Amino acid sequence: MNGSRSFNWNTGSPHPKWILMAVLLAGTIASCNRTPDEPEITADSTPYQLVFPAHVTPPILPADNPLTQAKVELGRMLFHETALSGDETMSCATCHLQSAGFSDTARFSIGIQGLPGHRQAMAVSNMAWNSNRFF
Ligand code: HEC
């Protein structure tokens, strides 16, 4: 009756396309196994030293997710990554300009495809101390 059914409730057998998918997936996973001479990829756990004045209370950071140089670098890369936008033309840094204190110089920020916004990208700095977001 319904052509999109993938499981035959009468026989209990999966549709042949799912069997094929399972075989292909198993083959893909098997081919992804690392050969002994390939280096193991591990995350660099070098701690990142957050520098701030002595009179400032330290930010509350999750104990099970310590700051590392690699994570900070990943965050910086993601902040500049245009692939995160709908048409891959904008990154966070497009609106939150580092040269303008991570805010926008335009009164109203413009979105992808020139779509007009109704607000200005606010400064995003010292967010480690921010327990709430504006929105
Ligand atoms: C098209 C422009 C635009 C882009 C791109 C953009 N933002 Fe924003 N952002 C804004 C605007 C506008 C606001 C203010 C929202 C409001 O006033 O309601 C804002 C607010 C914020 C806030 C809130 C700050 C606070 O104090 O609460 C954070 C955090 C933030 N943006 C992070 C990001 C990150 C991370 C990215 C990328 C993943 C990003 N933004 C991409 C325009 C943008």
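Student: Let's start with Glu88: buried or exposed, and why?

Tutor: Exposed, because 11 other C-beta atoms lie within 10 Å of Glu88, and a residue with 12 or fewer counts as exposed. Keep in mind that this is a predicted model.

Student: Where along the chain does Glu88 sit?

Tutor: You'll find Glu88 in the loop between helix H2 (69–79) and H3.

Student: What should I look for in the backbone there?

Tutor: Check phi. Most residues other than glycine have a negative phi. Glu88 isn't a glycine, yet its phi is positive, about 60°. Phe102 is another such case: a residue other than glycine with a positive phi near 60°.

Student: Which segment holds Phe102?

Tutor: Phe102 belongs to the segment after H3.

Student: Why does Phe102 count as partly exposed?

Tutor: Phe102 has 19 C-beta neighbours inside 10 Å, so it counts as partly exposed. The buried class begins at 20.

Student: What does Phe102 touch?

Tutor: For this kind of list, set aside residues up to four places away in sequence; Phe102 then touches His96, Leu97, Ala123, Val124 and Ser125. You can also look at C-alpha distances: Phe102 and Met122 are 20 residues apart along the chain, and their C-alpha atoms are 7.4 Å apart.

Student: Zooming out, how many helices and strands does the protein chain have?

Tutor: Three helices and zero strands, so to speak an α-α-α run from the N terminus on. As for burial, 3% of the 135 residues in the protein chain are buried. And among the contacts with a separation of 6 or more, 20% join residues 24 or more positions apart.

Student: Which residues are closest to the ligand?

Tutor: Cys92, Cys95, Arg119, Ala121 and Phe134 are the closest, out of 19 residues surrounding the ligand. By character, that shell splits into 10 nonpolar, seven polar and two charged residues.

Student: What is the mean pLDDT of the protein chain?

Tutor: The mean is 83, with 75% of the residues at 70 or more. Over residues 1–10, though, pLDDT is below 50, and this stretch has seven contacts in the model beyond near neighbours in sequence. Where pLDDT is low, the predicted coordinates should not be read in detail.

Student: Which elements have the lowest and the highest mean pLDDT?

Tutor: Helix H1 (residues 16–31) has the lowest, at 60, and helix H3 (residues 92–95) has the highest, at 98.

Technical notes: Residues numbered from 1 in each chain as written. Predicted model: local features only at pLDDT ≥ 70, side-chain atom pairs only at ≥ 80, totals over all residues. Near = placed C-beta within 6 Å. Nonpolar A, V, L, I, M, F, W, Y, C, P; charged D, E, K, R; others polar. Helix = DSSP H or I, 4+ residues; strand = E, 2+ residues; numbered from the N terminus. Contact = placed C-beta atoms within 7 Å. pLDDT = per-residue confidence, 0-100.
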